[in-house]
Amino acid sequence: MQTKYYLTTPIYYVNAAPHIGHAYTTIVADAIKRFKTMQGYRAVLTTGSDEHGVNVERAAQRVGKSPKEYCDVIAAEFQKQWELLGLGVDRFQRTTSPQHARVVQDLFERCRRNGYIYKGSYTGQYCIYDNLYVNDAKPGDPCPDCGRPTETITEQNFFFKLSAFQDRLLALYRERPEFIQPETRRNEVIAFVKEGLKDLSITRTNITWGIPVVGEAPHVFYVWFDALSTYMSAVEGEDLWPADLHLIGKEIVRFHAIYWPAFLMGADLPLPKRIFAHGWLLFEESKMSKSRGNIVRPEPIRRVVGTDCLRYFLLREVVFGQDGSFSYDALVGRYNSDLANGLGNLASRTLTMIQNYCGGQIPAAGGDAALAQLAGQTVSGFLAAFENFEFSKGLEAVWALLSATDKHIVEQAPWALVKNGDAASLAKLHSTLYSAAEVLRIATVLLAPVLPDSTARIWAQLGFQEPLESVRINDLRWGQLTPGQRIGEIAPVFPRIEAPKAIAEMRHLEEEESARQAALVGKAPAVQPAAAAAEPLATITIDDFAKIDMRVGLVLEAQLVKGASKLIQLKVDLAEGEPRTLVAGIAEAYQPEQLVGRKVVIVVNLEPRKVRGITSNGMIVAASIEGGKPVLAGFLEDIPIGARLK
């Protein structure tokens, strides 16, 4: 009986159609699934759509649909995208599924029977964008994660006794250090838990679009209690739980590494074995975001350079667990250098020489001893790297082997050996070509989880009849290529790409795809017409405006707020004797070093508020375009610090 290996991606929220960030996690998950399958596991991959919450209600209203109709459209977008990318998703679970609702209710009842659920009242700030209750915030304060305004809510909720699990969670992290990876994320979670945990609201009563709590109308389940349960509901009754691996983005590690195990502990259910939180994909060194309008979608890339190119780039270019940078230039450059000039060239020249010099049959030879040794080291190194999710390291080892083989071919010069015609030269020729073909076979097996379509074609050209995925990757060793095997029909696998033409085409298709997706979710495209008019606001009197005290300030210091992706802490000189501290949600538009020495406009008579534990004494003034980044107000003329705007 096969050992199971159950892995999951995040359950993607339907407030946006699929983009390359979603594809990144799902492609990595697919590669891991293929790798585990080739190790002999029964590997099962779950993804899905998180479809409840006030955001979905509002998005549905924008496009004139019911919440369910809206969710049907976006969930279908995700499913279609994974199919187009050829990803081996086994379970696509929607949180609107009745079967999922039963699993959520069961989790709730288990926790309630064990004394970890109680009813209480909540009044406070809530971020609808991140589905996050914001403690210690005042009305109008920004969300600490996204920087957008919070809303005040007052309602009766069911609460989960998260505070009761602090010691048990810390013991879990201590006894199972592999539970959260990489180490940086583990340390963040431990530090957060050590600061103390507060009980968590898990239901809402002021919305209707959610899973009802049976017998407790009008309560519906809060998004995280609902969404996290999808990992279990997707495989209910299949003997696959607990998950062997949850793959997530680093921005949701707290929910998965604290809330989720606490819920399961409260219900006396098994915990997942490992949670791995990867970094962000940056677009040309800037974080991708809807507000910046620099999100990249996978479909234009697939149509121009193919899925395998995207897969290889993401796993080779990005050190998994860290932030990585995406650009079209780098994508095409990596394709031409590694795939076309590297793997593709070795396959073409090796198979062509076997066809021309050996009658299309694998020659009988033992191969080069040094290459055999390097190949063995490459196999063991690759397996170890992939077990530790060090994909870039494993791929680097394979390309080092390919490079050594290319060098060996050049040094042995088969084209000269065949002309000599003597026995010694022919023996050397056969050894060289067997070595090259054997390296090609080994590399093809190792790369199958990363380049499934391309390696399948190389595999057939090598003359193999059995499916590549049926090969057991752990049994791979030198000398398994059978002499006399007839190779298949030779065809280019990675033709070179003309960079300017391909990049221009991807950018054009990206604009089209962006506009199409924006229409699906009821939003304007990221790039707005210059003449687009803003919705007029209610008028105010001159007396109202006179209450706002705006002054010119000079930024002395700027630094990112720890743990927040959009917030920058500023020290601003306003000619008051002491500089003021402010927190501004502009990190997606400006790097801290860009702000130092810049003159800005500050509202100085705004009531101080706490953001992420920092008292913000004032507000920076910026213009914003719908769907675009904020732009700081400034001056063409020199103007003294502290001057008041009238």
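## Strand 12 and its sheet

Strand 12 is covered on both faces: Ile-275 and Ala-277 on one side, and Phe-276 and His-278 on the other, are all buried. Buried means under 20% relative accessible area, exposed over 50%, and partly exposed in between, with a 1.4 Å probe and protein chains only. Strands (E, at least two residues) and helices (H or I, at least four) are DSSP runs numbered from the N terminus. This is a predicted model, in which local features need pLDDT of at least 70 and side-chain atom pairs count only at pLDDT 80 or more, while totals for chains, interfaces and linings use all residues. Residues are numbered from 1 along each chain as its sequence is written, and side-chain values use heavy atoms, with hydrogens and water left out.

Strand 12 belongs to an open sheet of six strands in the order 3-2-1-11-12-7, with parallel pairing. Strand 3 (91–94) and strand 7 (180–181) are the edge strands, and each pairs on one side only. Two strands pair if DSSP finds at least two bridges between them. Strands 11 (residues 245–249) and 12 (residues 275–278) pair in the parallel sense over four bridges. His-246 has Ile-275 of strand 12 as its bridge partner, and Gly-249 has His-278. Strand 7 pairs with strand 12 in the parallel sense over two bridges. There, Gln-181 stands opposite Phe-276.

## Helix 9

Helix 9 runs over residues 253–266. Its 14 residues should span 20 Å at 1.5 Å a residue, and the end C-alpha atoms are 19 Å apart, which agrees. The expected span is 1.5 Å times one less than the number of residues. Of the 14 residues, 13 are buried, so helix 9 is largely enclosed by the rest of the structure.

A kink of about 25 degrees lies at Tyr-259, shortly before the proline Pro-261. The bend at a residue is the angle between axes fitted to the seven residues ending there and the seven starting there.

## Positive phi residues

Asp-268 follows helix 9. Its place is in the loop between helix 9 and strand 12. Asp-268 is not a glycine, yet its phi is positive, about 60 degrees. At 59% relative accessibility, Asp-268 counts as exposed.

Ala-413 is a second non-glycine residue with a positive phi, about 50 degrees. Ala-413 sits in the loop between helix 14 and helix 15 (414–420). At 14% relative accessibility, Ala-413 counts as buried.

## Cis peptide bonds

Gln-181 and Pro-182 are joined by a cis peptide bond, with omega about 0 degrees. Pro-182 is in the loop between strand 7 and helix 6 (183–194). Gln-181 is the residue opposite Phe-276 in strand 12.

Another cis peptide bond joins Ala-217 and Pro-218, with omega about 10 degrees. Pro-218 lies in the loop between strand 9 (203–204) and strand 10 (220–221).

## Pocket and cavity

Empty space was sought on a 1 Å grid over the protein atoms alone: a cavity is a set of points where a 1.4 Å probe fits but cannot get out, and a pocket is an open set with protein on both sides within 12 Å along at least five of seven lines; lining residues have an atom within 4 Å of a point. Grid points are joined across faces, edges and corners, and a volume is the space filled by probe spheres set on the points.

The second largest pocket holds about 220 Å³ of space. Its lining has 14 residues, with Phe-276, Phe-320, Asn-388, Phe-389 and Glu-390 nearest the centre. Helix 14 (residues 391–412) gives the largest share of that lining, three residues. The lining divides into six nonpolar, three polar and five charged residues. Ala, Val, Leu, Ile, Met, Phe, Trp, Tyr, Cys and Pro count as nonpolar, Asp, Glu, Lys and Arg as charged, and the others, Gly among them, as polar.

One cavity of 30 Å³ or more is counted. The largest cavity has a volume of about 60 Å³. Eleven residues line the largest cavity, and Gly-53, Ile-207, Phe-221, Tyr-222 and Val-223 are the closest to its centre. This lining comprises six nonpolar, four polar and one charged residue.

## Tyr-590

Tyr-590 lies in the loop between strand 18 (580–584) and helix 20 (592–595). Tyr-590 is buried, with a relative accessible area of 10%. Tyr-590 and Thr-455 are 135 residues apart in sequence and 43 Å apart in space, C-alpha to C-alpha.
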